[in-house]
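Here's a quick walk through one model, with a cavity, a ligand and a handful of residues along the way. Have the viewer open as you read.

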Amino acid sequence: MKINADTDRCVGAGMCALTVPEVFDQSEEEGTVVLLQADPPASMDAAVRRAVHLCPSGALSLA
Ligand code: SF4
């Protein structure tokens, strides 16, 4: 499962980084999402789906 992050849509809410800090971080300057892993292991699928669902701006999508 691959993650796409649209930094133009990201509002820096940080829900993703709070939910799965192994996969998502926020840039120091902009506060926008930084993907630490774009293709995390299947064991993280549930947590990643939760983070995508919690993102308030729709910046995250799965492929
Ligand atoms: S939860 Fe969404 S809006 Fe917030 S930092 Fe992550 S990608 Fe950006």
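## A few residues and one cavity

At 36% relative accessibility, L54 counts as partly exposed, a label given to anything between buried (under 20% relative accessible area) and exposed (over 50%), with a 1.4 Å probe and protein chains only. This is a predicted model, where local features need pLDDT of at least 70 and side-chain atom pairs count only at pLDDT 80 or more, while totals for chains, interfaces and linings use all residues. Residues are numbered from 1 along each chain as its sequence is written, and side-chain values use heavy atoms, with hydrogens and water left out.

Back to L54: you'll find L54 in helix α2, residues 45–54. Helices here are DSSP runs (H or I, at least four residues), as are strands (E, at least two), and both are numbered from the N terminus. Setting aside neighbours within four places in sequence, L54 is in contact with M15 and T19, contact being heavy atoms within 4.5 Å. L54 and A17 are 37 residues apart in sequence, with 11 Å between their C-alpha atoms.

R49 belongs to helix α2 too. Beyond its neighbours within four places in sequence, R49 touches M1 and L62. M1 comes in the segment before β1 and is partly exposed at 23% relative accessibility. With the same four-place neighbours left out, the contacts of M1 are A38, D39, P40, D45, V48, R49, L62 and A63.

Two loop residues are worth a look. S27 is in the loop between β2 (24–26) and β3 (33–35), and counts as buried because its relative accessibility is 17%. Outside its neighbours within four places in sequence, S27 is in contact with T32 and V34. D6 lies in the loop between β1 (3–5) and α1 (15–19), and with a relative accessible area of 33% it is partly exposed.

Here are some C-alpha pairs side by side.

| Pair | Apart in sequence | C-alpha to C-alpha |
|---|---|---|
| R49 and M1 | 48 residues | 9.9 Å |
| D6 and S57 | 51 residues | 9.7 Å |
| M1 and A38 | 37 residues | 8.6 Å |

Now for the cavity. On a 1 Å grid over the protein atoms alone, a cavity is a set of points where a 1.4 Å probe fits but cannot get out, and its lining residues have an atom within 4 Å of a point. Grid points are joined across faces, edges and corners, and the volume is the space filled by probe spheres set on the points. By this rule there is one cavity of 30 Å³ or more, and the largest cavity has a volume of about 110 Å³.

Which residues lie nearest the centre of the largest cavity? They are C10, A13, G14, C16 and C55, out of 15 that line the largest cavity. By class, that lining has 10 nonpolar, five polar and no charged residues. In this scheme Ala, Val, Leu, Ile, Met, Phe, Trp, Tyr, Cys and Pro are nonpolar, Asp, Glu, Lys and Arg are charged, and the others, Gly among them, are polar.

The ligand sits in the largest cavity, meaning that more than half of its atoms lie within 2 Å of the cavity's grid points. Around the ligand there are 13 residues, and C10, A13, G14, C16 and C55 come nearest; a residue is near if one of its heavy atoms lies within 4 Å. The shell around the ligand divides into 10 nonpolar, three polar and no charged residues.

How values were computed. 1 Å grid on protein atoms, 1.4 Å probe; cavity = no way out; pocket = protein on both sides within 12 Å on 5 of 7 lines; lining within 4 Å.
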